[in-house]
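Reader: I would like to learn how to read the sheets and helices of a chain like this one. Please show it and start with the overall make-up.

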Amino acid sequence: MQRNIHALELDKILQMLAEEVSCEDAKKLALRLEPSSSLTGVRRLLEETDAAYVLMARFGSPSFSGLKNIANALRRAEAGGVLTMPELLRVAQVLRTLRGVTEWRSKSEGSPSPLDVRFETIFPNRYLEEKIFTAIASEEEMADSASNELAAIRRKIRSASSRAREQLDKLVRSPVYQKYLQDPIVTMRGGRFVVPVRAECRSEIPGLVHDTSASGATIFVEPMAAVEANNEIRVLLSQEKAEIDRILGELSSEAGSFAGSILKSYQAAVELSLIFAKANLGYKMKASLPEVNDEGKIELKRARHPLIAKEKVVATDIELGVRFDTLVITGPNTGGKTVSLKTIGLLSLMAACGFLLPVADGSRVSVFDRILSDIGDEQSIEQSLSTFSAHMTNIIEIMKEADGRTLVLLDELGAGTDPVEGAALATAILESLRMKGSLLAATTHYAELKAYALQTPGVENACCEFDVATLRPTYRLLIGVPGRSNAFAISLRLGMEEPVIERAKALVSTESLRFEDVVEQLEASRQHMESNRQAAEKERLSAASANQEAQRLRERIQAEADRELEKARQKAAELVARTRGQMDALLEEMEEMKRAVNKGITAEQKARLRAGLKAMENTADPIHKKEAEHYVLPRPLQVGDNVLIYDIDKKATVVELPEKGDSAVVQAGIIRTRVPLENLRLLKQEKSRIPKARVTKDIGRQPSGRSLLELDIRGQTTGEALMEVDRFIDGAVLSGVHQVTIIHGKGTGALRAAVQAHLRSHPAVKSYRLGVFGEGENGVTIAELK
């Protein structure tokens, strides 16, 4: 299996995967990956990789950089050993990384993921993590906060050191002793404070000698005055070391008690690190999730070999096991035959290892028990094997192992020997492997195998496209088309003399020439169809682009229409507000005129009032009448004619013919009005039917204009007033008015109470209220109609 993995270059993919992880154990795991032959197992691996891919796309990748193998240290601690400060810090760093991974998942929660089982196996231990980081400041220093006893000891050490330095500082600053010192400084030797004394003045400063300089000119003396302080410091330092050892023992014991949980979490994190590395590699390859089956069906859409540079690789479609079980790939050398063969095998192996594949959506691969290959030059000088012998040795082993769940890939089948015998042997090998039920893909130069593929059901030809004009392969695999060697065309393009080429053609058999001619015709037909397909695709894309542009234009026009409509609404609101203000002013003026009625109203005041009402009506009228144009009715009007009231663009029906003058009575909806003939346009359609009988209700005088909105019942008796209120409300309902005002005056309030009691039970009244300032206050009741 390792030989096949190496031949198909899966080991290079695993090396790329190992470079994506930061943990050494994950790298080793990546390099030891082996393809699975279980359909369930492969689907689970791919689901996990795809889940990691989705999580990375939404939330980024979790950090696994702090993962280090701490198994030996934890097992030693579990057995009662004491760990060093660097070892404990590595344990704490692993715990911090594990906690970071679980916190990342908690922040990215939104929907269940197949990776949740692995995340749930990680148990962070913040207690031990913080305890170690609090106690140990670095790999060489224990923090004062590790224990109260250690902090107290270090305070004493600092105090004793201060006293010793003070005594020695007095000595080096003393004029008496300065002349005996090599330098006026205090230094340390062997953990004790000393001063540098000239060798010839040794007897002038009594004390203990701890060291001498390399030249012998300086002696480092511990004066007797500092001996006691130095002794105290040494005792305290030994106490400090004992306390540090005790703290390390306590921390090691704690770490040992959690060893099993930490190691289990560490292993889960290493596996997650590998899964996310697969997802990251898939992202770099622009890979997708393929469908997986165990029926031997391979369908790769726009497949790209992952080891070829992105700017050079050519996407191609490969099919095997769907319509045929054997694929014979032919064509010239360096045309991409071997790359196509390796793409089939490598992508199948990658899927079996849980990798996303560099293919388009909708691709599918199959799971095999074995993928056997004979690819490359296996010539061995040491074993005295020729290329042909080496290939045959491999093929013999493949034929022994092959069965119905095997994918066999053979490169240059039958090459390296006599062409006639080689072609016959290659055909026999293909037949034998097909009888075993294996899925086959083979490359060859033999025309006999092309004919075999044409004549045998379940066997299909394929070739790698080659551009003779440029002498370059396109690396596209064309299934269903046998390949041509193009030897004559290539030689001619390279400068071979034409007579030599013609002589070579004459030496080729007639059958071979006919076969090559057929292949050439097929290739020409395919290229023509491909050109037509590309032109059709270009037209389709152009049409789709035009459709999108039209859609964008329609959306823009709709947006502009919405904006204009909103502006119109705002202007209408402003118009209503302005008209309402003018109406309130006129009402107030009318009230003033009513109050002055006894004094008499002048003609000038009446004219001003009528002018104000007319101006208000013109301002509030939302209908812009069209400009009059010369029009003559094609015939006299008849009752029932459909006409158009031109200035307001409203359809109506003629109900009364003009008797005298030039106006006819028409009905538009519920409105009946008299319209001049010059403002009517006869519509070209059938006459409307005028009902002969009509049910009418006499509601007295039909209110018009402002009387549709207001009713003044001041001075009337309660009975008369209520009857007038009923007629008024009925007329308002029929006219489509939703709010009316009833003026009853203030007075004693009896008429107001009677009106409101009547409105409370009236079936057409939704609600009512007294007027506010500017509406008449307690002198009016405003009713809202249903």
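Author: The protein chain holds 22 helices and 25 strands. Keep in mind that this is a predicted model. Of its 786 residues, 40% count as buried.

Reader: How do I read a sheet, and in which order do the strands of the four-stranded open sheet lie?

Author: In general, strands of a sheet pair through backbone hydrogen bonds, either parallel or antiparallel. Here the open sheet of four strands runs β3-β4-β6-β5, and the pairing is antiparallel. Strands β3 (187-189) and β5 (207-212) form the edges, each pairing on one side only. On average, neighbouring strands of this sheet are turned by 50° against each other, direction ignored.

Reader: Over how many bridges do β4 and β6 pair?

Author: Strand β4 (residues 192-198) and strand β6 (residues 218-223) pair over four bridges, in the antiparallel sense. One residue pair to look at is R198, whose bridge partner in β6 is T218.

Reader: Which strands does helix α9 touch as it packs on the sheet?

Author: Helix α9 (residues 148-173) touches β4 and β6, and its direction makes about 15° with that of β4.

Reader: Now a helix elsewhere: what is the span of α14 from its first C-alpha to its last?

Author: Helix α14 (residues 387-401) has 15 residues and reaches 22 Å, close to the 21 Å expected at 1.5 Å a residue.

Reader: Which residues of α14 are buried, and against what do they pack?

Author: A390, H391, M392, N394, I395 and I398 are the buried residues of α14. They pack against two helices, α1 (2-7) and α15 (419-435), and two strands, β12 (370-374) and β13 (406-410).

How values were computed. Residues numbered from 1 in each chain as written. Predicted model: local features only at pLDDT ≥ 70, side-chain atom pairs only at ≥ 80, totals over all residues. Heavy atoms only, no water. Pairing = 2+ DSSP bridges. Axes fitted to C-alpha atoms, helices over the stretch in contact; angles between N-to-C directions. Contact = heavy atoms within 4.5 Å. Expected span 1.5 Å × (residues − 1). Buried < 20%, exposed > 50% of the residue type's maximum accessible area, 1.4 Å probe, protein only.
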